[in-house]
Amino acid sequence: MSEEKKMFLEALRRKFKESPEEKQTKFYIYDGWKQSKRKREFVEAAQKVAKERKVPFYNPDLHLGGIPLGQRVLMPYRLSGTDIYCEGDDLHFINNAAMQQMWHDIRRTVIVGLDAAHTVLQKRLGKEVTPETVNHYLEVLNHALPGAAVVQEHMVETHPGLVSDSYVKVFTGDDELADEIDDRFLIDINKEFPAEQAAQLKAAIGKRIYQVCRMPTLVAMTCDGGTMSRWAAMQISMSMINAYKLMAGEAAVGEFAFAAKHAEVIEMGTLMPWRRARGPNEPGGIPLGYMADICQASRVKPEDPVWVALEAISMAAVLYDQFWFGSYMSGGVGFTQYATCTYTDNILDDFCYYGAEYVRKKYGGFAKVKPSWDVINDVATEVTLYGLEQYERYPALMETHFGGSQRAAVVAAGAGVSVSLVTGHSTAGINGWYLSQLLHKEEMGRLGFYGYDCQDQCGSANSFSWRSDEGLPFNLRGVNYPNYALNVGHQSAYCGIISAAHGGRGDAWTTNPLIKVAFADKDLKFDFTHPRLCFGKGALREFMPAGERDLIIPSH
Amino acid sequence: MVEYKPQYYPGGSNVSANRRKYIDPNYKLRKLRTISDDDLVRLMGHRVPGEAYKSVHPPLEELGEPACPIRELVEPTPGAKAGDRIRYIQFTDSVYFAPLTPYMRAWMGHMRYRGVDIGVLSGRVPLEARERDLEKVAKELVETEIFDPARVGIRGATVHGHALRLDENGLMFDALRRFQYDKNKGEVVYVKDQVGVPLDRPIYVGKPAPEEELRKITSQFRVDGEAFRNDKELIQFVQRIHMLRTEAGFDPNRVKEI
């Protein structure tokens, strides 16, 4: 990539006062944490709280026995693909309402097929199911799902103002049926997707009809992921009783519950094994390919699969690295800076677009060649060397990614995404990632931290190890895949590697068309078409989440 | 049986040659400075100079070890024999032409020293050993060509700096400012031990090597020095390892004639 086109230079110039090529600077002159507006705000807030609660609180002067943070520049970060700059603290998920809402919107979603219930109604109970009855049922469920009664006569209910983000919609691949569904309840594939993608999705979904249930964000915040399908199943069953005038407790009702809890339910994340001790719909159980499908950037710019992959990477970085590894698994304040390196300062963007340009010129475009050693070696090696050379040419870039794990993630992500683009094959892409890691280790004589290197030095051997000649099992791996379960900083890129392979091919989805359609919903609080922009709004405190409790707390 | 001749490291570049050299235990590291035993002990900060070694178990001779073929095969180190506790020294190596990179430091240590436990991270390399063994190893690590006062740091905690730009004197960043540049003497001086506890008197560790010298002795590839891209032999070696691991992971029967 030519000098003037390097995408990260603008951010580097904003981060440091010296030229990005300058190797020397001054340290120890920045007045510690006081150089940061956000840290000053933290101190002011903490002092007020400490006075009120009479228990010591946040005090950055305790850092390292009196040597505070900020002996060097506490640099700002640019949200890649946007013009938004913020402080690092603004990208911690506790400080960013958009990040929280992204996770809540994923966790509170459950997809439930309606066909089994309709079959029971028609064949077992002899009831008529028509578009009119379906619309009526959906109106009842939109009343019930947020937490309202539909059958009993003396029930407590939830305040609508607290659960206003809870609703149900449906989608189908059948245009005729879709036409009969009330627009207020329909995710219209024809309207939400470009024509070519809509045709692929409708062909895959066929005449089946699915409900997309969104439980209230407050429920997602106060209960666990396993609550979601249970909450949905209870309200679905009760709404069936109401809408189709059934006996409460007749045997068929058990069938609705069974369908909603088991036979027809698609959770966003699967149950975790005992050693992780998590139920369904927790980040550790969400397959990488599902994350790629949850991201909706592919609807917006299908002609730019690099951009689409980068948007998916940002979501996976926040969910897998910041939420899952950073807090669920490790405890503590989290691994924010491991994750943000993939979606800040246009650095990964530069490496990926370099790879895209390279494969366009050399191989005539995306998904034009089958995976082979020649192609994987060529593309992964070239993009890896390019990335490493940028760190060496621009000391400000090296300082931006001051930890080896950050560099290893970003360089290998560039290589993996590029191999995915050229082959249209995510397993080849992940193999390119591992070649990149080995090359990186030899080039720099260093890589990441202990665990990082452990995962990446055995990755070559497991990239094609399980039925890779029969399909794409890699798309179904997740953060609980044994060799991935220990380590931050990888899964975001793995999600991008999947996205890039299918984006390069022009696919409408990567792993599951139902997931793709379920999130093509403008009523979600988080904007899944532009996650990086949304995280930026969160950083600027311009994002309004759901789940606020103002209605039930004193004025403040 | 064919006699095995260790090759240590592939590659046709000077950087690769340096890597082979440092890993090869037959290569004697050039001694550049003398740090007194007491100063070394103070830099590490584990005990006061002259203080007896603390032990975590009785000497092995008194311990009455069980019959064990491994124990018969492996001669304990002096520190293990005496029952010393396990202590550490940790180095940070700058990306700007430091003599060693973390992996080279680790592989070199494994090839040259017994009874050491070495970790590798992107910037720092902890080396743990029985205390008296550690002091012997540390002496060589600090007194020889692999220690450049400006580009290598002795740091137990708060180690960041390897990837940061250099300061106005060419020193690697150290948030704790354990070391400083004495402009009058032209030497680097430690004023704190490796975890940042102030020393009762400064310890001089010598002049930083000139940039040209560092470029000659470094084991770091850099595009503004010797570029990895040009070492085709090393790149092909890595690609081959990756291919063999991948294919063997898919189906071990596919891998033949290694």
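**View 1. Two buried tyrosines, Tyr484(A) and Tyr494(A).** In this predicted model, neither ring is left out in the open: Tyr484(A) and Tyr494(A) both count as buried. They belong to a wider set, as a search of the whole structure turns up 28 aromatic pairs over all chains. Here the ring centres of Tyr484(A) and Tyr494(A) sit 4.7 Å apart with the planes at 50 degrees, so this pair goes down as tilted. Tyr484(A) comes from the loop between H22 and helix H23 (491–505) of chain A, while Tyr494(A) is in helix H23 itself, so the pair ties together parts ten residues apart in sequence.

**View 2. A cluster of aromatic rings in chain A.** Follow the ring pairs here and you get Tyr343(A), Phe519(A), Phe526(A), Phe528(A), Phe535(A) and Phe543(A) linked into a cluster.

**View 3. Where chain A meets chain B.** On the chain A side 55 residues are in contact, against 54 residues of chain B. About 4900 Å² is buried between the two chains, with carbon and sulfur atoms giving 57% of that area.

**View 4. A salt bridge across the interface, Arg229(B) to Glu382(A).** The closest N and O atoms of this pair are 2.9 Å apart. The count of salt bridges between chain A and chain B is five, and 34 residue pairs are in polar contact across the interface. Helices H17 (373–393), H18 (395–400), H19 (404–423), H20 (426–444), H21 (450–457) and H22 (459–463) of chain A each bring at least two residues to the side that touches chain B. Sorted by class, that side of chain A has 22 nonpolar, 16 polar and 17 charged residues.

Note on methods. Residues numbered from 1 in each chain as written. Chains lettered and ligands numbered in written order. Predicted model: local features only at pLDDT ≥ 70, side-chain atom pairs only at ≥ 80, totals over all residues. Heavy atoms only, no water. Contact = heavy atoms within 4.5 Å. Buried area = accessible area lost by both parts, 1.4 Å probe. Salt bridge = Lys/Arg side-chain N within 4 Å of Asp/Glu carboxyl O. Polar contact = N/O pair within 3.5 Å; in protein donor to acceptor, adjacent residues only side chain to side chain. Helix = DSSP H or I, 4+ residues; strand = E, 2+ residues; numbered from the N terminus. Nonpolar A, V, L, I, M, F, W, Y, C, P; charged D, E, K, R; others polar. Phe/Tyr/Trp six-rings, centres within 6.5 Å; stacked < 30°, edge-to-face > 60°. Buried < 20%, exposed > 50% of the residue type's maximum accessible area, 1.4 Å probe, protein only.
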